[in-house]
Amino acid sequence: MYPRDLKYTKDHEWINIKNETGKIGITEYAQQQLGDVVFVELPKIGQAIKRGEQFGSIESAKAVSDLYSPVSGEVLNVNEALIENPELVNKSPHETWIISIKLTELDEVKDLFDSINYEALLK
Amino acid sequence: MPMEYSSLTEEHIAVRTRAGLFDVSHMGEVEIAGSQALQAVQKVTSNDASKLETGQAQYSALTTHSGTFLDDILVYRLADTHFLLVLNAINTEKGFAWISKELEVFDDAFAVNTSSRYALLAIQGPQSENILQELTTIDLNTIKYYEFTTGEIAGARTTISRTGYTGEDGFEIFVAPQSAQLAWETLLKTGSSAGLLPAGLASRDTLRLESSMRLYGNEITEDTTILEAGLEWIIGWNKPSFNGKEVLAKQKEGKLNRKLVGFEMIDRGIARHGYDVYDKDEKIGMVTSGTQTPFLKKAIGMAYVPTEWSEIGATFFINTRGRRLRAHVVGMPFYRKAKD
């Protein structure tokens, strides 16, 4: 269910880290809780964000949820496909990245959950 | 009634394109009977119930003496001297107590809270008639909008009314509680090949908002008048009197300070109930409902704003969780079903 190559947070975000960049999305559990996603608020490219800081929000027809960054860094890119098709988050949450980030504090990675620990958290 | 059965979007689209089935048994029923029943209904409601023949229904308001809403209701004329009022669940106790008290001045008109005698199912959407017709000998085609009749559906005695809260064609079905489950299951089974889905409270809200139907507690409250809510068409001005008429007449003569408007977001974002409306740095109003609608795929909503901001095209800001987003006034309803 939860891919091994992703890292996770207690806020139900995932990050896929390659070298010093990470792509960030929300988990299957999070999309289920939200229901049909109708809007994703994206940050500006180049924006610096700290770990745990809000970088955007995601709205379903019934609720609004803030997005928190799993790590500190600088926003490299945002997934503009989500402007027209926010429902991609529901369809394939673990493939649908929301932002990519250049990590500035590499030792933060060790504080993230792996898939086994994340699944344990959900139980 | 759950928020959703499958998903809000799927249920919403089902109602717009095929059909959805809602269990709205939580709605309250109050019946008014007696030789003075009509006078009693005329006193406590805003619309002109004398226009109703037996077998017809109308949208109306249960008004305070200030012309504000105790509730918005449907009034059914069951017989010459027998009316059924359908109230919002949250207002049923309050409304029944109010009606009972208001009826004390009549010698022969009395009210009974009959909510426990009815379950209420609503089948809504363009396929509603076809689906329902398979289960009844009543010729549904003869029931016009806002008319009703009695008869059997799948063997259960029902009252079937061509009404709803979605902006689509459809029927509301009053049935005894002990027959409700079978009726629900039979309807779902019969309608499944036509794409009928069970639908929950979440899609009920987005559907009614797309059709700009007011929701009690949001657009209409004990602090909003019928005129402010843009519902003058439910005021029976020709009636000699009804609760709140004088206040409403005075408000109509003068100038309305605020009005309910429909808006569409210009900037990306969704305004929600309770968000503040701004002109520059001045707070000028409040959003009563807002969503991203699954069918129109637009961020829309309704808000109370000063009358000078109520013209179509007027632009204001909505404080959306700290962000100032532009919105502009558009005509209502946002969605209107295609004519047959």
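Visitor: Where is Asn19(A) found in chain A?

Guide: In this predicted model, Asn19(A) sits in the loop that joins β2 (13-18) to β3 (21-26) of chain A.

Visitor: Why is Asn19(A) called exposed rather than buried?

Guide: Asn19(A) has 7 other C-beta atoms within 10 Å. A residue counts as exposed if that number is 12 or fewer, so Asn19(A) is exposed.

Visitor: What makes the phi of Asn19(A) worth pointing out?

Guide: Its sign. Phi of Asn19(A) is positive, about 55 degrees, although the residue is not a glycine. Most residues other than glycine have a negative phi.

Visitor: And what is the phi of Ser212(B)?

Guide: Ser212(B), also a residue other than glycine, has a positive phi near 55 degrees. Look for Ser212(B) in the loop between α6 (201-210) and α7 (245-253) of chain B.

Visitor: How do you know whether Ser212(B) is buried or exposed?

Guide: Count the neighbours: 22 other C-beta atoms lie within 10 Å of Ser212(B). The cut-off for buried is 20 or more, so Ser212(B) is buried.

Visitor: Why is the peptide bond from Met332(B) to Pro333(B) called cis?

Guide: Omega of the bond from Met332(B) to Pro333(B) is near 0 degrees, and the bond is therefore cis. Most peptide bonds are trans. Pro333(B) itself belongs to the segment after β17 (323-330) of chain B.

Visitor: Which domains does chain B have?

Guide: The domain assignment gives domain 1 (8-25 + 118-210), domain 2 (28-117) and domain 3 (232-330) of chain B.

Visitor: How do you know that domain 2 and domain 3 of chain B are in contact?

Guide: Residues count as in contact when their C-beta atoms lie within 7 Å, and the contact takes 15 residues from domain 2 of chain B and 11 residues from domain 3 of chain B. On the domain 2 side, α2 (37-44) and β3 (57-63) of chain B each supply at least two residues. β3(B) gives the most, with four residues. By class, that side has three nonpolar, 10 polar and two charged residues. The centres of the two domains, over C-alpha atoms, are 28 Å apart.

Visitor: How many residues of chain A and chain B are in contact?

Guide: Eight residues of chain A are in contact with 12 residues of chain B. The chain A side has four nonpolar, one polar and three charged residues.

Visitor: What scores does the model have?

Guide: The model has ipTM 0.72 and pTM 0.90. For chain B, the mean pLDDT is 96, with 100% of its residues at 70 or more.

Technical notes. Residues are numbered from 1 along each chain as its sequence is written. Chains are lettered from A and ligands numbered from 1 in the order in which they are written. This is a predicted model: local features need pLDDT of at least 70, side-chain atom pairs count only at pLDDT 80 or more; totals for chains, interfaces and linings use all residues. Two residues are in contact if their C-beta atoms, placed from the backbone, lie within 7 Å. Ala, Val, Leu, Ile, Met, Phe, Trp, Tyr, Cys and Pro count as nonpolar, Asp, Glu, Lys and Arg as charged, and the others, Gly among them, as polar. pLDDT is the predictor's confidence in each residue, from 0 to 100. Domain bounds come from an automatic or database domain assignment.
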